[in-house]
Number of protein chains: 2
Amino acid sequence: MNASGPDPEDLTARARIRDAAMRHFAEQGFERATIRGIAETAGVSSGLVRHHFGSKQGLREACDAHLAKMIRRLNDEVRSGHALDKANPVATANAAMGPYQRYLARALVEGSAETVFDQMVELSEEWLAEADEKRSDTPDVDRKARATVGTAMALAVAVLHKHVSRGLGVDLNTPEGDLLLARTLIDIYSHPMLSVEEAAEVRAALDNLSPG
Amino acid sequence: MNASGPDPEDLTARARIRDAAMRHFAEQGFERATIRGIAETAGVSSGLVRHHFGSKQGLREACDAHLAKMIRRLNDEVRSGHALDKANPVATANAAMGPYQRYLARALVEGSAETVFDQMVELSEEWLAEADEKRSDTPDVDRKARATVGTAMALAVAVLHKHVSRGLGVDLNTPEGDLLLARTLIDIYSHPMLSVEEAAEVRAALDNLSPG
DNA sequence: ACAGTGACTACACACGTGTGTAGCGTCTTG
DNA sequence: CAAGACGCTACACACGTGTGTAGTCACTGT
């Protein structure tokens, strides 16, 4: 279930630097994180960072690439049917991301990690394709549009981690927090916020606003 | 419907600086934004920024305070019944935030704006209180927990603005993008992602995982 | 044994940036 | 009319940080 378990060809200083960078970038953001700080955490000199990654931007791209690799690995696990539950795979993936979750959140917000997001949208799209067959009505928007917004919503908790933890009264990183979040998500995902009548009403209002 | 319409006591240089700062912070982030850049946009010297706000951090806090003020104003509008639709008020508020949306997203991600988030959770909680009466079953989590996660999810689109726009194929700032988003949200909010059976199933799996 | 390659360090430079200080013009107030 | 307050500018300083350069050490292949 866990996507980690260190790469072969890891343990090297290069890998240690990358891991340290992911932690620093995640916790402090790209700008605020310093090469010297990362080097110290990794237990190497600052020059070595440059030696391996060329520049700070290069280091960032390496981190993004590593994240994408991890996501891809997780994708495969989910697809090959080892997934724990058959519910929304995005939520599953999100929960299983573990140590990379925070970096993912940062990367998404700071612009990079576009590939990762798109990857998750695709996953969500496939899941929607199955779910759509159980639907009685026909959706009036693209499947991709729904997958995109749904993915964004699924990622919201990770991105707004701090605020959600505060609101829940428990740190999401603790088992209790994780459990509470799961229960909450199940409740939300299994209860529509709008009845079909309300939905129709709002939709009609929308059509009146913008004719065409 | 629009929350803007400049404050009385605005038009002053202080207000121009604050507005410029909100734009810069929103577009480049707090760290990357520079006092000199903000001053230039506002058409003043960099020293004046310091004169009015003391420090960069002070400027940030002023921006947060202004945002909170705008949100409060919007709150009142929604509460006093002038709201366009009776659907999820968070979604409405989010849509009506207009020019402050991007700053809100940044502030949330970068840690400040805690008050604003909590404010929105409260709003959502009140809305949930009404919605809960229509529910047949009894939720197994706190109302506040549901409000918190729901708020985070509602904010996801604003926070991940760039990625959602890319996925939708339209910039969310355009009328077309806004309309498509609204339609998508209506569809998502009116269709549960989990059936009650699936929900029960997942919930049971959860209970098995962590006894207690 | 020897050159070559790559991991790694120490040190210095250039630059952007937040902040501090001194000063100028103008407007209000007693 | 004098005097302080306030909005505002220009300039200089200190510091952190990314980056560049030179050099050391260990290992490998011929």
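**Reading a two-chain contact and a DNA surface**

User: How many residues does each chain bring to the contact in this predicted model?

Analyst: Two residues count as touching when their C-beta atoms lie within 7 Å, and by that rule the contact takes 59 residues from chain B and 58 residues from chain A.

User: Which elements of chain B give two or more residues to the side that touches chain A?

Analyst: They are α6 (101–109), α7 (114–132), α8 (143–159), α9 (161–168), α10 (175–189) and α11 (196–209) of chain B. Of these, α8(B) gives the most, with twelve residues. Sorted by kind, the residues on this side of chain B divide into 34 nonpolar, eleven polar and 14 charged.

User: Why can one say that the copies meet through the same surface?

Analyst: One compares the two lists of interface residues, and 98% of those in chain B are also interface residues in chain A, so the copies meet through the same surface.

User: What rotation superposes chain B on chain A?

Analyst: A rotation of 180°, with 0.0 Å of shift along its axis, places chain B on chain A with an RMSD of 0.1 Å. The two copies are thus related as by a two-fold rotation axis.

User: Which residues come nearest to DNA strand D?

Analyst: There are 15 residues around DNA strand D, and Ala13(B), Val44(B), Ser45(B), Gly47(B) and Leu48(B) come nearest. The elements that give two or more residues to this surface are α2 (35–42) and α3 (46–53) of chain A, together with α1 (13–28) and α3 (46–53) of chain B. By kind, the residues of the surface near DNA strand D divide into four nonpolar, seven polar and four charged.

Methods:
Residues are numbered from 1 along each chain as its sequence is written. Chains are lettered from A and ligands numbered from 1 in the order in which they are written. This is a predicted model: local features need pLDDT of at least 70, side-chain atom pairs count only at pLDDT 80 or more; totals for chains, interfaces and linings use all residues. A residue is near a molecule or strand if its C-beta atom, placed from the backbone, lies within 6 Å of it. Helices (H or I, at least four residues) and strands (E, at least two) are DSSP runs, numbered from the N terminus. Ala, Val, Leu, Ile, Met, Phe, Trp, Tyr, Cys and Pro count as nonpolar, Asp, Glu, Lys and Arg as charged, and the others, Gly among them, as polar. Copies are superposed by least squares on the C-alpha atoms of residues with pLDDT of at least 70 in both.
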